[in-house]
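User: I'm new to reading protein models and would like to learn how such labels are earned. Could you show me the structure and then go through the labels one at a time?

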Amino acid sequence: MTGTYLGMPAFPEAAREAVRDEVLRANLRHATHTIRDKRARSVAELADWDRLRAAGKAVKDHTLRHLDRYLLQLEEAVTAAGGTVHWAADADEANRIVTDLVRATGEREVVKVKSMATQEIGLNEALEAAGIAAYETDLAELIVQLGHDRPSHILVPAIHRNRAEIRDIFRTEMGSWGRPAPEPLGDDPRELAEAARLHLREKFLRARVAVSGANFMVAETGTMVVLESEGNGRMCLTLPETLISVVGIEKVVPTFRDLEIFLQTLPRSSTAERMNPYTTMWTGLGPSRGADGDGPAAFHLVLLDNGRTDTLADETGRQALRCIRCSACLNVCPVYERAGGHAYGSVYPGPIGAILSPQLRGTGTEIDASLPYASTLCGACYEVCPVAIDIPEVLVHLRERVAQGGPVTRGGVRVTLRPADGRTAERATMRAARLLLDHPGALRAGERLLARARRLAPRRLPGAGRAWTDSRELPTVPAESFRDWWARERGDTQ
Amino acid sequence: MRAALFVTCVNDALYPRTGIAVVRLLERLGVDVDFPAAQSCCGQPQYNTGYRHETEPLMRRTARAFAGHEFVVTPSGSCAAMIREHYPRIGRKAAAEGRGGELAEAAASLAPRVYELTEFLVDVLGVTDVGAYFPHTVTYHPSCHGLRGLGLGDRPRRLLTAVKGLDLVELPGAEECCGFGGTFAVKNPDVSTAMGADKTAAAAGTGAQVLCGADNSCLAHLDGLLRRADSPMRTLHLAEILAATEEEPLP
Ligand code: SF4
């Protein structure tokens, strides 16, 4: 399995493999059900959850509506605190900025705290191409990186791996990245964590450059906020001399006080914890940071657009930018539970991935055009989302974009998309069905025909119908439609 | 009291027994039932697959067919949700795209008059014991659109518990989607089947004879899986159970 998502097959094909992998399905089922139940309990503890949810939604919506203003305010505050702000329009630009910044330090390696934004732009690959090694320090990220794998969950990137698999990865791979795993190594979680700790400690103490993301950025103070649970993030954020943070522009909130909401909703939604174990905040270089105090002597903030302002231009789709990446929607999604994260072909899997990727990347590829259909619209994701993103609504909206085309903004320019390729037959079917349904006379005749031929009904259908009859029986056609029964019983002449 | 039946296209063509059961049940409860023949499909398959424009004529037709009716009752949570939740949305979009305010008005007028069957029984008629008799062990699957879209809550279960002779057993993981999802069932057949198989396994594990639901689309998917597996469990729409009495048991 390669580290990138290029050339991914459409969701149904990618999911097929996962559905057949019994070990993977058992791993996913166990993990998602455990966290789902715990989340429900910790959310139920708060009497004002609904109001926190509404408040989070309102703050995010307000910020998105005035995003330009808050980003400029943020830039000013970060600069005043001794940091440097860089603006990146897309992945290439962001990668170039970070690569140049690392090069300028003369270093050939960086430590990383888990960051979705840098995964989104493929920073590790870009750095590698420039001869710079990037080491992930989050335990699950480390497992994914050592295993030459891809993350399959926002919060628990190695959710698809079990303990025995992790032990094998540590044993065979750690040595080629740094300190090898101790021998003998069992698959007890404590032993595994200790092996990772020893391996990582070496990296933390040696590294002079760190790359991070941020969960929130506060416009009024220029403060970056990172939430994590292992302490690796704090090591990355405080030990190295240079800190480079790559953050999506939608992560800004107006005031420090706004954090009150999200520091309650995010941990409970994601790890079912009342409070986050490590919450690190820093403001530029701060009074105690820099050459004389603790912490890095240089701080760079790379503000990443990469499709976000285009998404913002879409009235229905923009609510996806409220997302605080808690992963609650993944954990309740019955489709994610069976298909696994890799099938979504993006660093953002699950329901949020299904609406975010086709907006950030467009619906041009097979995988992106199939993502809006990777849902039964059951609504479980909407119900748990701590910022009330109506994911089913956006899914249907994006299906329309794929099926019918329509106006979108790409690269800041308003364009009209044509329907995605290969939809001609489906479009014709939908139109024919509508024509029939819009003519009750014809519908009635069709029903009668069906009833008369019901004894001839095949057990397996050809073509698209095979997708149903491969695994399921067809409903038995009744001898008489309801319409005809009514007419016969009630003597209505229609 | 008078109520119009919106039978839905799936029930009309494939599950007429559900429609007949609703008629019997409502009439037994003293409701005069109309069946406006101009009705057709609510447009949900088109809308959910991304063909919003194809939905509009069907929406217009539905609104017109039920224009004069104070109460419109339908034995399908997902079709009720389509009209209540999505019609207003489609109407607003059509107006924004310059196709007049006519659709928006039609939606606004129809939406509040549409009731899913259990809502109509419990909220409008104020009954939970409908005088039914069904001496079997039953487990109930609450379909997603009824559960989360309409917020039916425990209405179906209250109705079932009041049925004489009926033994209602809890379905583990009841609130999880069955995997039907309209065109999802054919667009993502593997995931759909895996979800349905887990649902039918959970149902079989309860030892119930009947898997009951209030949406025949979901039941078609689950029934198809049960029959392919030669399972003795059968699926039934809630309306059929509520319509059954000692004098007139299920055919
Ligand atoms: S969409 Fe909502 S539930 Fe899903 S990750 Fe984002 S904030 Fe969490």
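Analyst: Happy to! Let's begin with the names of the elements: helices are DSSP runs of H or I with at least four residues, strands are runs of E with at least two, and both are numbered from the N terminus. The model is predicted, so local features need pLDDT of at least 70 and side-chain atom pairs count only at pLDDT 80 or more, while totals for chains, interfaces and linings use all residues. Residues are numbered from 1 along each chain as its sequence is written, chains are lettered from A and ligands numbered from 1 in the order in which they are written, and side-chain values use heavy atoms, without hydrogens and water.

User: Where does Pro184(A) lie, and what makes the peptide bond before it cis?

Analyst: Pro184(A) is in the loop between α9 (163-177) and α10 (189-206) of chain A. The bond from Glu183(A) to Pro184(A) has omega near -10° and is cis. For background, most peptide bonds are trans.

User: What is special about phi of Ala272(A) and of Leu377(A)?

Analyst: Phi of Ala272(A) is near 65°, a positive value in a residue other than glycine. Likewise, phi of Leu377(A) is near 60°, again positive. Most residues other than glycine have a negative phi. Ala272(A) sits in the loop between α12 and β9 of chain A, and Leu377(A) in the loop between α17 (366-370) and α18 of chain A.

User: Are those two residues buried or exposed, and how do you know?

Analyst: Buried means under 20% relative accessible area, exposed means over 50%, and partly exposed is in between (1.4 Å probe, protein chains only). Ala272(A) has 14% and Leu377(A) has 10%, so both count as buried.

User: How do you know that Arg268(A) and Glu45(A) meet in a salt bridge?

Analyst: The rule asks for a side-chain nitrogen of Lys or Arg within 4 Å of a carboxyl oxygen of Asp or Glu. Here the N to O distance is 3.0 Å, so the pair passes. Arg268(A) belongs to helix α12 (residues 259-270) of chain A and Glu45(A) to the loop between α2 (22-44) and α3 (49-65), so the bridge ties together parts that are 223 residues apart in sequence.

User: Which other residue does Glu45(A) bridge to?

Analyst: Glu45(A) also forms a salt bridge with Arg274(A), with the closest N and O atoms 2.7 Å apart. This second pair joins the loop between α2 and α3 to the loop between α12 and β9 (278-283) of chain A, 229 residues apart. The labels for accessibility vary here: Arg268(A) is buried at 8%, Glu45(A) is partly exposed at 42%, and Arg274(A) is exposed at 58%.

User: How many salt bridges are there over all chains, and how many lie between chain B and chain A?

Analyst: The count over all chains is 57, and between chain B and chain A it is 17. One that crosses between the chains is Arg25(A) with Asp198(B), at 3.5 Å between the closest N and O atoms.

User: What makes residues of the two chains count as being in contact, and how much area is buried between them?

Analyst: Contact means heavy atoms within 4.5 Å. By that rule, 64 residues of chain B touch 69 residues of chain A. Buried area is the accessible area (1.4 Å probe) that two parts lose on being put together, summed over both. For these chains the value is about 5700 Å², of which carbon and sulfur atoms give 55%.

User: Why is a space in the model called a cavity, and what lines the largest one?

Analyst: On a 1 Å grid over the protein atoms alone, a cavity is a set of points where a 1.4 Å probe fits but cannot get out, and lining residues have an atom within 4 Å of a point. Grid points are joined across faces, edges and corners, and the volume is the space filled by probe spheres set on the points. The structure holds 5 cavities of 30 Å³ or more, and the largest has about 120 Å³. Its lining has 18 residues, with Cys333(A), Pro351(A), Ser375(A), Thr376(A) and Cys381(A) nearest the centre.

User: What makes a lining residue nonpolar, polar or charged?

Analyst: Ala, Val, Leu, Ile, Met, Phe, Trp, Tyr, Cys and Pro count as nonpolar, Asp, Glu, Lys and Arg as charged, and the others, Gly among them, as polar. The lining of the largest cavity therefore divides into 14 nonpolar, 4 polar and no charged residues. The second largest cavity, with about 80 Å³, has 12 nonpolar, 1 polar and 1 charged in its lining.

Key. On a 1 Å grid over the protein atoms alone, a cavity is a set of points where a 1.4 Å probe fits but cannot get out, and a pocket is an open set with protein on both sides within 12 Å along at least five of seven lines; lining residues have an atom within 4 Å of a point.
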